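Me: Could you take me on a close look at one part of this structure, the surroundings of the bound ligands? I'm new to this, so please go step by step.

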Amino acid sequence: MPVDTRIIDGRLRAETLSREVAAGAERLRGATGVVPKLVTILVGEDPASKIYVRRKAEHARAIGMRSVSHHLDADLSEAALLALIAALNADREVHGILVQLPLPPQIDRVRVLAAIDPAKDIDGFHPMNVGLLASDGDGIVPCTPRGCMMLLEAELGSLQGLNALVVGCSNIVGRPMAQLLLRAGCTVSIAHIHTRDLPTLVATADLLVSAAGAPGLIRGGWLKPGATVIDVGINRVPKPDGDGTRIVGDVRFDEALGRAAAITPVPGGVGPMTIACLLDNVLRSAERLAAEGRCAAAA
Ligand SMILES: NC(=O)C1=CN([C@@H]2O[C@H](COP(=O)(O)OP(=O)(O)OC[C@H]3O[C@@H](n4cnc5c(N)ncnc54)[C@H](OP(=O)(O)O)[C@@H]3O)[C@@H](O)[C@H]2O)C=CC1
Ligand SMILES: Nc1nc(=O)c2c([nH]1)NC[C@@H]1CN(c3ccc(C(=O)N[C@@H](CCC(=O)O)C(=O)O)cc3)C=[N+]21
Ligand SMILES: [Mg+2]
């Protein structure tokens, strides 16, 4: 029986969260003189990365934070990047450091992420924060999975006992997503490129989070009727009429309508939540560093 599928408005939820973060930043400034500061680092010329980094910096400024962007040549050495990170770790006016991924091949992502002060690691990618998430500790949680959890909890309330399927197991999205769902009491499955029978797994899922980066991978007819669907995928594909490109998710949105209980659109779903959660992570880091006397009031 077809249902009326709710379209989850991530943009609206993200605007609400951004206003809360702006108010929190203003409170912190009033109480301590500390103005949260985000530093983004982009290495190379990837056009999508340029757009996202610019968007993050603009949003930070729009809500009253400070933000500085470093745009470095594609042939930058790993040593030079590590030296920049060391300087930012030591800078008492910097509260959040974001190294945009992917990095060029001469730079070891694992070494770079491990060099960021875990207290300023607002992506939550440092092994210390990864470990805290995996052991139910209180570290910094990656932005995209946090945004997905906010949308899911607003939609469903408690997630306890639900069958959750995460498609994709990257360090940025899939793995931390699975950890958060486990923490929320879901029975979690993780599918990836070697998974044999994805349609059968999808059919068992009360909630599905897809982060494969594969356009149209998930067919509407695979979904358990009444499932809640979070589509993280951002895939640029040619328009049907061949005139330019557009962005689609991993889930066949048209097919999911009438079958899922609720679904996030692409764009306008998870993406805006990622940015709002990033700013929230910057605020939290600034609050914690201020409480520990580890940062300076803005000059
Ligand atoms: N909305 C947002 O805020 C964000 C969106 N994204 C988007 O989400 C998507 C995933 O990003 P990210 O996690 O960084 O990407 P990665 O490419 O790092 O990871 C993708 C994962 O999906 C798996 N996968 C790929 N194709 C299939 C398939 N056909 N069937 C099953 N599993 C598959 C991969 O398996 P394997 O590695 O084994 O090949 C891998 O585990 C991308 O489209 C990205 O643009 C990312 C971050 C934020
Ligand atoms: N260190 C690091 N941290 C990241 O968080 C990180 C990264 N590297 N590398 C790349 C991915 C991708 N990512 C997105 C952020 C916002 C949107 C976003 O704003 N999306 C909008 C607009 C989409 C569009 O028009 O392009 C939307 O979905 O509505 C998308 C994707 C963060 N990532
Ligand atoms: Mg992220």
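Reply: Happy to! Let's begin with the chain itself. Over residues 8-123 the chain is 51% helix and 16% strand, and the C-alpha atoms at the two ends of that stretch are 24 Å apart. Keep in mind that this is a predicted model. The stretch comes with a label, too: an unreviewed UniProt entry places the feature "domain: Tetrahydrofolate dehydrogenase/cyclohydrolase catalytic" at residues 8-123.

Now for ligand 2. Around it you will find 18 residues, and the closest are Q100, L101, P267, G271 and T274. Which elements give two or more residues to this shell? They are α2 (47-62), β4 (96-99), α6 (143-156) and α10. Of these, α10 gives the most, with four residues. Sorted by class, the shell around ligand 2 holds 11 nonpolar, five polar and two charged residues. The shell also draws on two domains: at least three residues come from each of domain 1 (31-120 + 275-291) and domain 2 (142-272).

Next, turn to ligand 1. Here 24 residues form the surroundings, with G168, S170, I193, G213 and T274 as the closest. Helix α10, which spans residues 270-291, gives the most to this shell as well, with three residues. By class, the shell around ligand 1 divides into 13 nonpolar and 11 polar residues, with no charged ones.

If you would like one place to focus on, try T274: this residue is listed among the closest to ligand 1 and also among the closest to ligand 2.

Methods:
Residues numbered from 1 in each chain as written. Chains lettered and ligands numbered in written order. Predicted model: local features only at pLDDT ≥ 70, side-chain atom pairs only at ≥ 80, totals over all residues. UniProt positions renumbered as here; feature names shortened; annotations may be inferred. Near = placed C-beta within 6 Å. Nonpolar A, V, L, I, M, F, W, Y, C, P; charged D, E, K, R; others polar. Domains from an automatic or database assignment.
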